[in-house]
Amino acid sequence: MDNSELKQLGSFVHRNCEGLSRRDVIKVGTLGFLGLTLPEFFALEAAQAQSTPAAKKPKSKTDYSVIMLWMAGGPSHVDTWDPKPNADLSIRGPFGAVETNVPGIFVGEHLPKVARQMDSMAILRSVSHGDGAHERAEHFMQTGYLPLPTVEFPSYGSVIANERGMQNNLPPYVSLLGMANGQSAGFLGGSLNPFFAGNPAEGNYKVQNLQMPTDVNLARLERRRKLVQAVDSLKGAQSDAVRSMDTFTNRAYGLITSKSAQQAFEIQKEKVGLRDEYGRNGFGQSCLLARRLVEAGSRFVTITLGGWDTHDNNFGSLQNNLLPMLDRGMATLLRDLKERGLLESTLVVWMGEFGRTPMINKNANPGRDHWPNALSVVMAGAGIKGGQVIGKTDERGMGPYERPIKVQDVAATIYHTMGLDPNKEYHTPSGRPIRLADDGQVIRELFKG
Amino acid sequence: MIDEYRMNLFASKQHKKQVLLALTALPVLLGITQISPAKAQKPVKKNSGSPVGATASVAGFSVQPANATLDGSYAFQTLVAVGKSIDGAERDLSSSATYTSSNPAVVRVDKDGIAYPVSDGSADVTVSHGGRSVKAHLTVRNTKTNSRLSFETSIAPILIKSGCMGTACHGAPNGQAGFKLSFFGYETEKDWTAVVKGKDGKRINLKDPEKSLFLMKPAATVWHGGGRKFRPDGPEARVITAWIKAGAPFVPGRTAYNTDAKTVLTSNKALPAAPKLESVYVLPNNRTIREANSKHQLVVMAHYQDGSEADVTPFARYFCDDDGIATVNSEGRLLALRKGEANVMVRYAGKVGISSVMVQPQAPTASYPKLTPNNYVDDHIFAKLKQMNVTPSELTDDSTFIRRVFFDLIGTPPMPSMVRQFIEDDDPKKRSKLIDELLDRPEYKDYQTIIWADLLRNTRILLKEGVEPYTHFIRESFAENKPFDKFVKELLTGTGSTYQNESATANYYRVTNDPSELTTSTSQIFMGVRLECARCHNHPFDRWMQDDFYGMAAFFAKTHHRDGLGKDEIIVYHDERGEVRQLRTQQVMPPKFITADKPLENPQGDLRTYLADWITSKENPYFAKATVNRLWKQFFGRGIVHPADDFRASNPPINPPLLEALAKDFIEHNFDVKHIIRVICNSRTYQLSSKVNSTNSDDTKNFSRYYIRRLGPSQLLDAITIATEVPEKFPGVREGTPAINLADNSVPSYFLDVFGRSNRLQVAEPSQQTTISQALALINGSTINARLSNPNGFLAQKILGRLGDRSEKDILDTLYLNILERFPSEAERKEAKTYLTNAPTTKEGYEDLAWALLNSKEFMFNH
């Protein structure tokens with residue numbers, strides 16, 4: 001029986017054991033804080049805190065994290081990472097290009113700060129996929145699969161959360177600022193959906209339901225927790241659903257009562273100067289919070305920045321709002337990660353669902369329309385060799401000209417960077433085998449140095 | 001050499017042989033051997049498993065199969081000797097039986113019961129065991145011509161079984177070591193070409209077949225990167241050798257080397273066509289096994305369209321769905337492990353067969369309690385449980401029953417006053433009466449509307465203003481208890497504006513107008529058949545071919561959209577344009593029902609009416625079953641076929657007669673949904689307690705108790721608002737509207753989303769998954785906490801505000817009744833009293849108590 005056969009056998013078994021949930025539950029159960037009381041919990045936590053200083057994590061790939069900068073709506077490649085200064089005005093538009101700190105590499109002129117981090121970044125300029133509908137393309141880019149009516153594919157974040165599990169009481173997969181299609185757990189099940197932690201730029205930022213109500217303190221919470229145990233007639237009932245609920249309830253208590261986990265979300269603790277440098281806006285503060293979260297133990301943080309669907313007023317929106325925000329937040333994130341020694345274990349990915357038409361449209365306030373035939377993806381950190389551009393679009397930015405890259409290749413690369421085999425198979429509840437990345441090739445140039 | 005193969009196959013049977021030989025010495029050879037489940041995991045020792053039930057006697061001794069044909073010199077037939085005890089349990093006696101051929105010049109048989117052809121003719125094999133004997137009749141033919149060999153039916157299955165076509169080997173997108181085969185043999189012609197023409201024809205050596213790389217590589221008589229795939233003297237090698245000798249034909253007459261290769265082997269004589277495989281089946285089809293740790297040889301028979309059959313046991317692939325109960329090895333030998341049920345799925349050349357086993361160490365005992373069925377549901381459930389020696393749980397109490405049936409039938413909990421009334425009512429028919437009342441309540445249609453809106457993907461994101469008419473259609477259909485076939489027919493033929501009530505079902509085609517997507521969702525929703533796999537290739541676990549998929553898609557090809565006058569309004573219409581092409585062949589597909597052999601003859605007008613009529617007809621093999629199964633799931637949390645929309649040969653129902661009976665009843669009552677619900681709810685099975693007894697704690701699929709499950713998103717939210725008497729305010733919706741009335745799930749609600757409300761962008765029911773966000777919402781969220789501190793709520797008004805004028809007992813009764821819909825036990829009163837006494841303040845004490853009850857699993861689950 002070869003490997004794929006074994007996997008099929010596995011699927012047949014899983015299907016009849018309530019999909020993947022049972023295995024997940026077992027996995028969760030082994031994390032080991034089931035049934036601890038809060039004082040025991042604190043003791044354990046204190047012991048953990050002493051033994052492993054948070055910042056100096058071991059650098060095995062299993063400890064790597066991802067920060068996904070998701071540009072919802074589809075950002076123009078020409079106005080960001082693939083400027084065409086020599087093209088006709090009807091294509092290049094009013095924006096110029098700026099040389100980065102890597103000689104010979106230019107990016108859009110409104111990204112001057114990120115340009116100075118170019119030596120850490122690799123730009124993939126020849127990505128394309130051809131699906132111009134937002135929902136489908138969002139799904140494609142964030143799962144590596146085009147959506148099907150009967151299979152919901154899991155996002156990269158859900159897969160990585162599934163593979164790497166939880167550490168330090170923190171949700172493994174967190175989403176910040178906004179949400180988009182294609183970020184969910186799909187057939188892996190809702191327990192691997194992202195934990196939505198809102199917009200950290202909001203005054204008095206709090207994660208929904210993370211803090212106890214004002215009239216409840218830890219002592220009262222502990223009393224309540226014990227009381228539930230005492231009054232619950234279904235305690236210990238023979239049911240996977242009961243066990244699963246107990247597990248997640250314990251996780252929630254862990255998150256509520258763990259000082260370090262709570263602190264990871266306390267962006268207010270950061271120095272005012274650094275917060276300013278990231279930018280006092282949703283994106284900038286999300287970048288900062290994302291850094292705090294991966295530092296503390298989250299595996300995958302997605303920041304969804306919307307507003308890129310610029311059919312109208314492309315240049316105004318980009319110049320006055322989106323690009324300065326992106327430039328500041330992303331540049332500071334890369335610098336900050338690097339200075340903390342976190343960049344080598346953190347993959348930063350920038351992308352959106354598609355590029356935009358190189359030809360500027362004829363709207364009253366001109367914009368660019370959907371263009372899935374060419375888009376740029378940026379990657380940095382986690383072993384990616386910076387200072388390089390891979391692939392090339394033609395002189396008008398219409399499509400790949402050299403080294404075409406498929407979405408599946410991007411997917412394979414993300415998994416590979418995280419130390420996962422892109423050919424690893426999962427099985428849908430109906431038993432269909434699904435590889436992590438569908439026939440994608442790892443973009444090897446990214447790792448050559 | 002095949003003998004050696006067989007010996008090898010049974011080498012590990014030595015152990016069993018000893019056991020059986022030891023048993024032979026015992027007076028009651030075929031007595032019931034009882035092995036307790038505790039011992040079941042250990043290997044059977046020679047001296048263990050002493051027969052008890054000394055009175056049991058043998059009901060039968062037989063051989064499987066009793067008739068067989070050995071077609072071609074390479075053929076073989078596995079014969080299995082079966083002993084059957086009076087209680088219906090079976091044992092595999094093959095390894096201790098003896099076999100004799102009546103004519104060794106025609107049929108040779110080895111000591112393991114494998115028969116081989118010698119020359120054309122016929123002979124009997126006598127199988128003897130313990131003084132009994134029985135005959136198998138064998139016919140031998142084509143030993144000289146081997147005329148039935150073809151690549152597709154004879155060779156490809158061996159390659160698949162040996163793993164050659166997997167993605168890790170030659171089935172990889174770029175092949176392996178210069179040899180590429182299609183993934184799981186979906187393109188046999190290309191594969192054949194690669195075998196016979198690839199590598200300049202060096203893979204095949206016609207002059208000296210045994211020197212062919214195609215044989216030597218997998219047999220590893222020369223170096224092979226993939227290692228040894230089969231033995232050089234095994235049945236695979238015999239078939240391949242015979243095939244190469246016959247000219248390596250793709251089909252008879254079309255051989256490897258034609259004239260230009262100067263080695264034409266095949267004469268132009270008219271040869272029979274390659275046999276077309278129709279199905280495979282497994283012997284035994286089902287078996288009750290008493291002995292844990294016993295071994296059972298499965299025999300897989302291929303059945304061809306011309307009526308002929310062949311033993312393909314070594315070439316089939318085996319998958320057991322519960323390897324805690326039984327395992328099966330790659331040679332088809334099943335090992336029973338412990339008490340329970342398991343299904344072995346067998347795959348051969350794209351066809352699927354199944355063998356179901358029940359391992360039940362104890363025969364039904366005389367002490368099995370006499371159970372009183374309420375209706376036919378119980379007859380079937382109890383019959384199965386008795387067979388398994390499992391006693392169902394007790395009947396559940398009244399307070400649990402009323403809460404349960406409210407949630408399951410109308411999606412919302414009873415008001416506390418109703419619970420009190422119901423408990424006090426002493427009418428023996430009160431449960432039946434309650435069921436009838438619930439079926440007439442308006443929430444019945446509201447709840448069905450939520451269920452169906454999820455399946456039909458009724459969301460504003462897809463349908464815009466079409467949501468209202470679509471909701472109206474679903475709601476009215478269930479309100480009037482429209483016959484279900486009519487409901488489905490109206491959906492499938494939807495035409496006109498998506499914004500008008502009279503053409504609301506046009507929205508079925510607004511959700512998607514893609515013929516492939518419609519094929520997938522329509523077959524899944526109304527027939528419980530998942531065709532998705534057949535979109536890209538023939539279905540690997542089922543009978544469905546790509547032609548079936550695109551034949552069904554063709555019914556949807558002539559349905560189109562145009563813009564209406566309203567904003568985002570769509571008009572669905574039908575005309576003569578439109579076609580569907582099969583993905584692989586790129587042929588235009590005529591409309592064909594998935595189970596039909598031939599396309600529809602001369603269809604006129606709107607093709608969808610043909611499809612709608614066929615799907616909803618009383619003869620459709622899936623429609624009634626899939627529908628009653630879905631209804632069953634609504635009440636039990638899992639289907640008789642599970643998952644409820646995954647009807648497959650390889651996924652048999654847990655209780656086939658029950659499914660048959662429900663489907664028959666549904667058809668006889670003209671697809672009356674309420675009738676089936678009434679039958680289900682009135683059964684004793686539905687009214688069983690969820691508490692386990694000493695016999696049924698392992699049971700998770702035979703409905704010997706009520707399986708508890710978390711309330712759905714809207715059920716849970718409504719339960720909280722009713723218990724706390726503080727309504728929920730949804731944005732843009734009239735205050736006080738319960739969640740069950742939100743037909744449009746785009747109404748924002750963090751709570752409903754977190755608890756798994758479907759986004760309806762896929763055909764999906766609410767998620768039953770648990771998440772950390774759910775736990776946080778319950779522990780810290782305002783949904784519970786703010787309601788407990790609301791001055792107008794239940795806690796403030798009826799508990800804290802009444803402490804002075806009501807007894808503590810009365811207060812606790814009210815608290816429990818409002819939240820858990822039952823009265824507290826004495827122990828619970830005590831527990832509560834202790835907590836209240838020790839609490840910093842009385843207010844805090846009651847708040848915590850209410851909070852704890854709302855956070856209990858008893859509250860969050862239907863049980």
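# Exercises on a two-chain model

B:Lys464 counts as partly exposed, because 18 other C-beta atoms lie within 10 Å. (A residue is buried with 20 or more other C-beta atoms within 10 Å of its own, exposed with 12 or fewer, and partly exposed in between; C-beta atoms are placed from the backbone.)

Some ground rules. This is a predicted model, where local features need pLDDT of at least 70 and side-chain atom pairs count only at pLDDT 80 or more, while totals for chains, interfaces and linings use all residues. Residues are numbered from 1 along each chain as its sequence is written, and chains are lettered from A and ligands numbered from 1 in the order in which they are written.

**Exercise 1. Place B:Lys464 and B:Ala349 in chain B, and say what their phi angles are like.**

Step 1: Start with B:Lys464, which sits in the loop between helix H12 (460-463) and helix H13 (467-479) of chain B. (Helices are DSSP runs of H or I with at least four residues, strands are runs of E with at least two, and both are numbered from the N terminus.)

Step 2: Check its backbone. Phi of B:Lys464 is near 50°, a positive value in a residue other than glycine.

Step 3: Now go to B:Ala349, in the loop between strand E19 (340-348) and strand E20 (351-359) of chain B. Its phi is positive too, about 50°, although B:Ala349 is not a glycine.

Step 4: Is B:Ala349 buried or exposed? B:Ala349 has 20 C-beta neighbours inside 10 Å, so it counts as buried.

**Exercise 2. Find the cis peptide bonds at B:Pro284 and B:Pro643.**

Step 1: Look at B:Leu283 and B:Pro284, which are joined by a cis peptide bond with omega of about -5°. B:Pro284 is in the loop between strand E11 (277-283) and strand E12 (286-289) of chain B.

Step 2: Move along to B:His642 and B:Pro643, where the peptide bond is cis with omega near 0°. B:Pro643 belongs to the loop between H20 and H21 of chain B.

**Exercise 3. Work out how H20(B) and H21(B) pack.**

Step 1: Know what to look for. Two packed helices are described by the angle between their axes and the distance between the axes.

Step 2: Read off the geometry. Helix H20 (residues 623-636) and helix H21 (residues 656-668) of chain B pack at an angle of about 105°, with axes 8 Å apart. (Axes are lines fitted to C-alpha atoms, for helices over the stretch in contact, and angles run from 0 to 180 degrees between N-to-C directions.)

Step 3: Classify it. That angle makes H20(B) roughly perpendicular to H21(B). (Under 35 degrees is roughly parallel, over 145 roughly antiparallel, 65 to 115 roughly perpendicular, and the rest oblique.)

Step 4: Name the residues. H20(B) brings B:Ala624, B:Lys625, B:Thr627, B:Val628 and B:Asn629, while H21(B) brings B:Leu659, B:Leu662, B:Ala663, B:Phe666 and B:Ile667. (Two residues are in contact if their C-beta atoms, placed from the backbone, lie within 7 Å.)

Step 5: Sort them by class: seven are nonpolar, two polar and one charged. (Ala, Val, Leu, Ile, Met, Phe, Trp, Tyr, Cys and Pro count as nonpolar, Asp, Glu, Lys and Arg as charged, and the others, Gly among them, as polar.)

**Exercise 4. Describe where chain B touches chain A, and follow H25(B).**

Step 1: Take the totals. Chain B puts 61 residues into the contact and chain A puts in 54 residues.

Step 2: Which helix gives the largest share of chain B's side? H25(B) does, with seven residues.

Step 3: Split chain B's side by class, and you get 22 nonpolar, 24 polar and 15 charged residues.

Step 4: Zoom in on the helix. Eight of the eight residues of H25(B) are buried, so the helix is largely enclosed by the rest of the structure.

Step 5: See what covers those residues. The cover includes strand E6 (195-196) and helix H9 (240-257) of chain A, along with helix H24 (750-754) and helix H26 (782-788) of chain B.

**Exercise 5. Explore the surroundings of A:Leu69 in the largest nonpolar core.**

Step 1: This core has 340 residues, and A:Leu69, A:Ile303 and A:Val349 touch the most other members. (A nonpolar core is a set of buried Ala, Val, Leu, Ile, Met, Phe, Trp, Tyr and Cys residues joined through C-beta atoms within 7 Å.)

Step 2: Helix H13 (residues 314-339) of chain A supplies the largest share of the core, ten residues.

Step 3: Leave aside neighbours within four places in sequence. A:Leu69 is then in contact with A:Ile303, A:Leu305, A:Met330, A:Val348, A:Val349 and A:Trp350.
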